[in-house]
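User: Hi! Could you walk me through a few things in this model?
Analyst: Happy to, ask away.

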Amino acid sequence: MMLSTVLKLSRAAMTAARATGIGLLSRTPPPRSPSSSRFFCGHKGSNASPVALQMIDYALSHARSLKSDESYAQGLLVLEQCLSTQSNEVDDATSQNSRAIVLLAMSTLLFERGAFDDAIDKLQIIQGLEHSHLGVKVASMEGLVGLNLLLERNDTSRVLADKWLQLFVNVTADIDGVGSKILNVHVKALKGLVELVHGNLESAESFFQASQDDKGCTGNVALSYGEFLHSTGKFSLAKELYQKAIEEISANKEFADPHALAACCMSGREVQLAATCALGQLEGHLGNFSAAEEILTMVLTKTEEHFGSHHPNVGTVLTCIALMFRHKAIMEHSSSLLIQEGLYRRALDLLKAPSLETEGTKADVARSDIVALARVHMQKYFASNKTERMKERK
């Protein structure tokens, strides 16, 4: 979801970029890869069963080792067995935390294989575990909102964000002061992201004000706030937040903080890839095309390494790269139509889009807005190519 959101919001940022006189930004170094355990928990602070955490580590590692349907099915089977074991224990906080973290891991693997509704089901179960850590519940709500945004269920995402914003006020007394502040920032930033996707910039800004708290402005929060600043033309600040999201996730190896959990499309790896992609787009918007191409190529490589070369996320990144080349051609009065055509064709194939000959058909797939964007530019390419051929004949 985060990659898709970055691409959509960058279109608003493009308009802002053209309207400002901000100079070129410096080139950023490549980010390091985060630990896979960032996807589901913080080991020390979650008060979960050590056996459950070991089984989760094994399941995630095995599922991603081959990136195949079989390896993911086997990883999910391990997690199902782990969940069954935990469900037979005493119904206390440790047991519920263990179950919740297993469910977070299951939802993440399901998300990575495109089983979005199944992932949503796992996250919803966590909301019913009354004694589980509030940080785990916030992570599950972030995942729920993110998946609904990815599926373009924007009204549902708004209802969920509003519900948690109100509920959070009533439950913060159950956790310590520092943890309460951090989770408060996460909940408000989630609402801010929803408002941003809906195009309500003034409303989004009011919720992102809490994100200025340095302790809570990490991961998803830093990326979402950066996207808001990017969309409103505050590029220098946006770049700082993108780099913050990249570097802090890379540096966080123990993941011991129970107030900073994440799963599914809001996980650490997704956030890092999305922040790096947004940084590349920002460089492109400002005309620094050499840096933009370098960064976006790095994102493509990282996305293929983690998800596999045929994953829809690769199609999203390819669309970002094609748009960068298009903007470069416009700014430099050059042509890169053949490059763009190749990128769009491969992107549409990976996004499982309907054929270009299917006129007026709405893509019944996740990321359909990205599909529509790529289709529009492919059709522009065909129209331009046809015009050029007609000129040559004359």
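User: Where does E152 sit?
Analyst: This is a predicted model, and in it E152 falls in the loop between α6 and α7.

User: And what's its phi like?
Analyst: E152 has a positive phi of about 60°, although it is not a glycine. For context, most residues other than glycine have a negative phi.

User: Is E152 buried or exposed?
Analyst: In between: E152 is partly exposed, since its relative accessible area is 33%.

User: What about H333, which also has a positive phi? Where is that one?
Analyst: The phi of H333 is about 55°, and H333 is not a glycine either. You'll find H333 in the loop between α14 (312-332) and α15 (337-350). With 75% relative accessibility, H333 counts as exposed.

User: Switching topic: how many disulfides are there?
Analyst: The count comes to zero.

User: Why doesn't C265 form a bond with the closest cysteine sulfur?
Analyst: The closest one belongs to C264, and at 6.0 Å from the sulfur of C265 it is too far for a bond; a disulfide would need the two sulfurs within 2.5 Å. C265 counts as buried, because its relative accessibility is 0%. C217 is buried too, at 3%.

User: Now the core. Which residues have the most contacts inside the largest nonpolar core?
Analyst: Those are L79, V102, F111 and L147, in a core of 53 residues. The elements giving two or more residues to this core are α2 (50-66), α3 (69-87), α4 (93-112), α5 (116-127), α6, α7 (154-171) and α8 (177-197). Apart from it lies another core, of 29 residues, with A204, L229, F235 and A274 among them.

User: What does V102 touch?
Analyst: Leaving aside residues up to four places away in sequence, V102 touches A52, I56, L79, C82 and L83.

User: So how do the axes of α2 and α4 cross?
Analyst: They cross at roughly 5° and come within 10 Å. Angles under 35 degrees count as roughly parallel, so α2 and α4 are roughly parallel to each other.

User: Which residues meet there?
Analyst: From α2, A52, L53, I56, A59, L60, A63 and R64 meet S98, I101, V102, A105, T108, L109 and E112 of α4. By class, that contact has ten nonpolar, two polar and two charged residues.

User: Last one: where is L149, and is it buried or exposed?
Analyst: L149 lies in helix α6 (residues 134-150). L149 is buried, because its relative accessible area is 2%. L149 and V194 are 45 residues apart in sequence, with their C-alpha atoms 8.0 Å apart in space.

Technical notes:
Residues numbered from 1 in each chain as written. Predicted model: local features only at pLDDT ≥ 70, side-chain atom pairs only at ≥ 80, totals over all residues. Heavy atoms only, no water. Helix = DSSP H or I, 4+ residues; strand = E, 2+ residues; numbered from the N terminus. Buried < 20%, exposed > 50% of the residue type's maximum accessible area, 1.4 Å probe, protein only. Core = buried A, V, L, I, M, F, W, Y, C linked by side-chain atoms within 4.5 Å. Contact = heavy atoms within 4.5 Å. Axes fitted to C-alpha atoms, helices over the stretch in contact; angles between N-to-C directions. Parallel < 35°, antiparallel > 145°, perpendicular 65-115°, else oblique. Nonpolar A, V, L, I, M, F, W, Y, C, P; charged D, E, K, R; others polar.
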